[in-house]
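The following note collects comments on the model for a colleague's reading. Please consult the sequence and the coordinates alongside each point.

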Amino acid sequence: MNAELQRLIDLQRLDSAAHDAHRRLAEAPDRQEALGARLEAARTQLAAAKERLTGSQGARRAIEKEVAVHQGRLSKFREQAMEVKTNQEYHAVQHEIAFAQAEIKKLEDAILERMVEGDDLAALVKEAEHELAAEQKTVETDRLALTAEIAEMQAAVERIANERVALAGAIDPQVLSTFERIAGRRHGVAVAEARDGICTICHVRLRPQVFNTVRRNDSIVQCDSCNRILYFVPAPAPAADGVGQPAK
Ligand SMILES: [Zn+2]
């Protein structure tokens, strides 16, 4: 392999790695925000469950107050029943008593329903609390991992930049400027592998003579179509003695 060509391949590898690291760093704020949103969703769910429970308890208390009112009337009618003078009055009071009793029975049934509902809603609150606690744990873990990943990527960006300066310094300035010019026009990718007679990035078939030159990897050859600098990866050499390659 031509040393300059190898340096260009390495330079491209660094540029692509830097590009990748920058892209992932740029995505980090969105990922952080998504973690916050996950927590927020769990909190909202808990708040909603608590609100439903509070609502149900309030409704139950309101019914209990109504029961108290009817019970008050009931005892008043019972007192009146002691003092009635006529048969007609007696029937009227008995009617009121029966009505109040029926109302109380209805309301007590409603209270029972509310109690069952309250148990279900309390269980939902518990569940939402557990979910929030679990989410807090995983989000915290993910946050730490993301923070570590960001620090790692920042370190990688710095390391790559330093390596690039050193590597670029070893490349012939004219070759380097060709590389930079192509990279600038081709989304940062100035080097392409040629395989089976084709430029693997722009997919254009190379002239046989060009491909033959590229196969030797001993000079800087550019793709006629996309201008990228081409290199060739030879097939791995077969095992020398034909053994030592156990079938898997
Ligand atoms: Zn090409």
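**Comments on the predicted model**

1. Cys 199 has a relative accessible area of 0% and is therefore buried, the cut-off being under 20%. The model in which this value was computed is a predicted one. Cys 226 is also classed as buried, because its relative accessibility of 2% falls under that 20% limit. These two cysteines introduce the metal site, which is taken up next.

2. Which residues coordinate the zinc ion? The ligands are the SG atoms of Cys 199, Cys 202, Cys 223 and Cys 226, at 2.3 to 2.4 Å. Along the chain, these donors follow the spacing C-x2-C-x20-C-x2-C. Cys 199 and Cys 226 link distant parts of the chain, 27 residues apart: Cys 199 belongs to strand S2 (residues 198-199), while Cys 226 sits in the loop between strand S3 (221-222) and strand S4 (229-232).

3. The geometry of the zinc site is tetrahedral, with angles of 101 to 116 degrees among the 4 donor atoms. This assignment holds because four donors count as tetrahedral when all angles lie between 85 and 135 degrees. For reference, the ideal angle for four tetrahedral donors is 109.5 degrees.

4. Two residues in loops deserve a remark on backbone conformation. Asn 227 has a phi near 70 degrees, a positive value in a residue other than glycine. Asn 227 is placed in the loop between S3 and S4, the loop that also holds the zinc ligand Cys 226. With a relative accessibility of 32%, Asn 227 is partly exposed. Asp 196 likewise has a positive phi without being glycine, the value being near 50 degrees. Asp 196 occurs in the loop between strand S1 (191-195) and S2, and at 61% relative accessibility Asp 196 counts as exposed. These two entries are worth a reader's attention because most residues other than glycine have a negative phi.

5. The largest nonpolar core has 19 residues, and the members that touch the most others are Leu 8, Leu 11, Ile 171, Phe 179, Val 191 and Ile 229. Helix H1 (3-83), helix H2 (87-169), helix H3 (173-185) and S4 each give two or more residues to this core. The greatest contribution, 6 residues, comes from H1.

6. What does Phe 179 touch, leaving aside residues up to four places away in sequence? Its contacts are Leu 8, Leu 11, Gln 12, Asp 15, Arg 164, Ala 190, Val 191 and Ile 229. Among these contacts, Leu 8, Leu 11, Val 191 and Ile 229 are also listed with Phe 179 as core members that touch the most others. A second core, separate from the one just described, has 18 residues, including Ala 28, Ala 42, Leu 46 and Val 157.

7. The whole structure contains 19 salt bridges by the search applied. One of them joins Arg 164 and Asp 15, whose closest N and O atoms are 2.6 Å apart. Arg 164 belongs to helix H2 and Asp 15 to helix H1, so this pair ties together parts that lie 149 residues apart in sequence. Arg 164 and Asp 15 are both buried, and both are among the contacts of Phe 179.

8. A further salt bridge is formed by the side chains of Glu 149 and Arg 31, at 3.0 Å from N to O. This pair also links distant parts of the chain, with Glu 149 in helix H2 and Arg 31 in helix H1, 118 residues apart. Are the two partners buried or exposed? Glu 149 counts as buried at 18% relative accessibility, whereas Arg 31, at 34%, is partly exposed.

9. A salt bridge within one helix is given by Glu 64 and Arg 60, with 3.3 Å between N and O. Both residues are in helix H1 and lie 4 residues apart, about one turn of the helix. Glu 64 is partly exposed at 34% relative accessibility, and Arg 60 is partly exposed at 30%. Elsewhere, salt bridges with shared partners join Asp 15, Arg 164 and Glu 180 into one network.

10. The domain assignment divides the protein chain into domain 1 (22-152) and domain 2 (173-232). The centres of domain 1 and domain 2, taken over C-alpha atoms, are separated by 70 Å.

Conventions:
Residues numbered from 1 in each chain as written. Predicted model: local features only at pLDDT ≥ 70, side-chain atom pairs only at ≥ 80, totals over all residues. Heavy atoms only, no water. Donors = N, O, S within 2.8 Å, 3.2 Å for Na, K, Ca; no water. Tetrahedral: all angles 85-135°; square planar, octahedral: opposite > 155°, others 65-115°. Buried < 20%, exposed > 50% of the residue type's maximum accessible area, 1.4 Å probe, protein only. Core = buried A, V, L, I, M, F, W, Y, C linked by side-chain atoms within 4.5 Å. Contact = heavy atoms within 4.5 Å. Domains from an automatic or database assignment. Salt bridge = Lys/Arg side-chain N within 4 Å of Asp/Glu carboxyl O.
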